[in-house]
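Visitor: I am new to this structure and should be grateful for a guided introduction. May we begin with the overall make-up and then turn to the details?

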There are 2 protein chains.
Amino acid sequence: MQIVTEQRRKDIHNSDIPSVCAACEARHGGVCGTLSADQLLDLSRHSTRRRIEPGREVVGQGEMTDSYANIISGVVKLSKVLSDGRQQIVGLQFAPDFMGRPFTRESALTAEAAIDTDICSFPRNVMERLVTEAPGLEHRLHEQALKELDEARDWMLTLGRKTAQEKVASFLYIIATHIDPENGTATAFDLPLSRADIADYLGLTIETVSRQITKLRKDNVIRIENSRHVTVPSMDRLMHVAGID
Amino acid sequence: MQIVTEQRRKDIHNSDIPSVCAACEARHGGVCGTLSADQLLDLSRHSTRRRIEPGREVVGQGEMTDSYANIISGVVKLSKVLSDGRQQIVGLQFAPDFMGRPFTRESALTAEAAIDTDICSFPRNVMERLVTEAPGLEHRLHEQALKELDEARDWMLTLGRKTAQEKVASFLYIIATHIDPENGTATAFDLPLSRADIADYLGLTIETVSRQITKLRKDNVIRIENSRHVTVPSMDRLMHVAGID
DNA sequence: GGGCGGCTTTGATTTTGATCAAGTTGCCGA
DNA sequence: TCGGCAACTTGATCAAAATCAAAGCCGCCC
């Protein structure tokens, strides 16, 4: 399914090697590479670092448009709800992803931390000023949008056409490939989402998710400790179960 | 669900009022508004107009990255397939949408016409040259990407959390609001997709789609002639059935 | 250490939508 | 006007996942 291919991840990653935000000691998810030293300093001066607890909204429904943020560590869920409460997680963001919507146009999205998450945020107006000054910055934001679009479309195939078993395996594969992007695909990791969150991501119920995880365990596709820690003996096997070519 | 809000559609639409491509007598989906007369002429000279028959690929898997195109009339399906043939339509594009992927990074997407479709296409290199010359052009492409991202995420909620009945109603609502963007929401229209296509868009089977359409007809939510022509007596009613707030 | 509450698992049953299998309808060409 | 074919509908049955209902498990606070 290549939600994010290795190559793509590297493209994004390589570009932010040089510049580190002085204020929060973090790379700004690739946005800094295109800025001058002065602009970087400007950005740093206005950025604030915050730790967000699980379940806490990073930026509320409409507020999303008021600021931009870089994820330093942790995982953020982007979700949508129906009026009767049914919920769907429409995206996950991992460090060092960049969050925030260019050009106001709120899309009824809620962003909240799935686990303890550190972010470095700066106000919309600073960002907008920099966009007009640095020609390459919009290009970077554009690439981020295209990356998210690809991920969303890949996930649509999972939501619409895969079985519960394949969905759960696909989810585990995504986590394995994203949880620690520095080191590529992880074969052992902690799930950043509760069963309820996983269900909301997969369009399933908690019970079905639990049963499928149990089945994967019994079939020796994964090993589990504490219901959160997962070990994958064979990534090929997992991908095969996930329906990934 | 506001897959595309009226306002958003207008934003995109208003911006291309002034410029019409001389070669194909069509507006280039909002990309021309940002170009100078010379650049427009340049673009026109390289553009070719084509009619695509239903089922025909507009641009194949990898080729998508070789050219850009503006939809003059018709509907294009963007879809993905699993290795065993299961298929999911991940997006629909209507006139006057702009198609094509900036920066090569193929995402295994197939684009094919759902009905007779006229497009005006131009080669990647011309487009890329213009992007570097006209600063506003990338901005436009960026907005298009964000629009598609919003639509994809709205649809993920539909795929993951709605019932078959709500899915079908949501589909009809999308068609009603997109089929003739000039005139806003249509209360009578021809379905641009076959039952099989609808099923692939909704993550359902043909039979389920058919049964739900029958049910909507029996419940007087819609009227149907020839299995393709739909009349919606009350758009509010349809939206309510679709689970749209 | 004991109990409480949230998260997770497991089991029994029901429901929704898929699958299998005929029919219809409508269109097109002979 | 008559096949013939593809698209669509309808019906019967089946299976996957949802729902309803208890337990476990684990960490935390007293």
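Visitor: How many helices and strands are there in chain A?
Guide: The model before you is a predicted one. Within it, the elements of chain A comprise eight helices and 11 strands.

Visitor: What share of the residues of chain A count as buried, and what share of its contacts join residues 24 or more positions apart?
Guide: Chain A has 245 residues, of which 50% count as buried. Among its contacts with a separation of 6 or more, those between residues 24 or more positions apart account for 69%.

Visitor: How are the axes of α2(A) and α3(A) oriented?
Guide: Helix α2 of chain A covers residues 37-46, and helix α3 of chain A covers residues 124-133. Their axes come within 10 Å and cross at roughly 170 degrees. An angle over 145 degrees counts as roughly antiparallel. The relation of α2(A) to α3(A) is therefore roughly antiparallel.

Visitor: Which residues of α3(A) meet α2(A), and how does the contact divide by class?
Guide: From α2(A) come A:Q39, A:L43 and A:H46, which meet A:V126, A:L130 and A:E133 in α3(A). By class, the residues of this contact are three nonpolar, two polar and one charged.

Visitor: In chain B, at what angle do α5(B) and α7(B) pack, and what is that relation called?
Guide: Helix α5 (residues 164-178) of chain B and helix α7 (residues 206-218) of chain B have axes 9 Å apart, and the angle is about 75 degrees. Angles of 65 to 115 degrees form one class, so α5(B) and α7(B) are roughly perpendicular.

Visitor: Which residues make that contact, and what are their classes?
Guide: α5(B) contributes B:A164, B:Q165, B:V168 and B:A169, while α7(B) contributes B:T208, B:V209, B:Q212, B:I213, B:K215 and B:L216. The classes in the contact of α5(B) with α7(B) are six nonpolar, three polar and one charged.

Visitor: How many residues of β4(B) are buried, and which strands pair with β4(B)?
Guide: Strand β4 of chain B, residues 75-81, is mostly covered, with six of its seven residues buried. Seven bridges pair β4(B) with β5(B) in the antiparallel sense. Four bridges, also antiparallel, join β4(B) to β7(B), residues 110-113. The strands paired with β4(B) thus include β5(B) and β7(B).

Visitor: Which residues stand opposite B:V75 and B:L78, and which residue in the hairpin takes a positive phi?
Guide: The bridge partner of B:V75 in β5(B) is B:F94, and B:L78 stands opposite B:A111 in β7(B). Between β4(B) and β5(B) the hairpin has five residues, and the one with a positive phi near 100 degrees is B:G85.

Visitor: How many residues does each chain give to the contact between the chains, and which element of chain B gives the most?
Guide: Chain B and chain A each contribute 33 residues. On the side of chain B that touches chain A, β5(B) and α4(B) are the elements that give two or more residues. That side divides into 13 nonpolar, nine polar and 11 charged residues. With 18 residues, the element that gives the most is α4(B).

Visitor: What axis relates the two copies, and why may they be said to meet through the same surface?
Guide: The copies meet through the same surface because 100% of the interface residues of chain B are also interface residues in chain A. A turn of 180 degrees, with a shift of 0.0 Å along the axis, lays chain B on chain A with an RMSD of 0.0 Å. The two copies are therefore related as by a two-fold rotation axis.

Key:
Residues are numbered from 1 along each chain as its sequence is written. Chains are lettered from A and ligands numbered from 1 in the order in which they are written. This is a predicted model: local features need pLDDT of at least 70, side-chain atom pairs count only at pLDDT 80 or more; totals for chains, interfaces and linings use all residues. Two residues are in contact if their C-beta atoms, placed from the backbone, lie within 7 Å. Ala, Val, Leu, Ile, Met, Phe, Trp, Tyr, Cys and Pro count as nonpolar, Asp, Glu, Lys and Arg as charged, and the others, Gly among them, as polar. A residue is buried if 20 or more other C-beta atoms lie within 10 Å of its own, exposed if 12 or fewer, and partly exposed in between; C-beta atoms are placed from the backbone. Two strands pair if DSSP finds at least two bridges between them. Copies are superposed by least squares on the C-alpha atoms of residues with pLDDT of at least 70 in both. Axes are lines fitted to C-alpha atoms, for helices over the stretch in contact, and angles run from 0 to 180 degrees between N-to-C directions. Angles under 35 degrees count as roughly parallel, over 145 as roughly antiparallel, 65 to 115 as roughly perpendicular and the rest as oblique.
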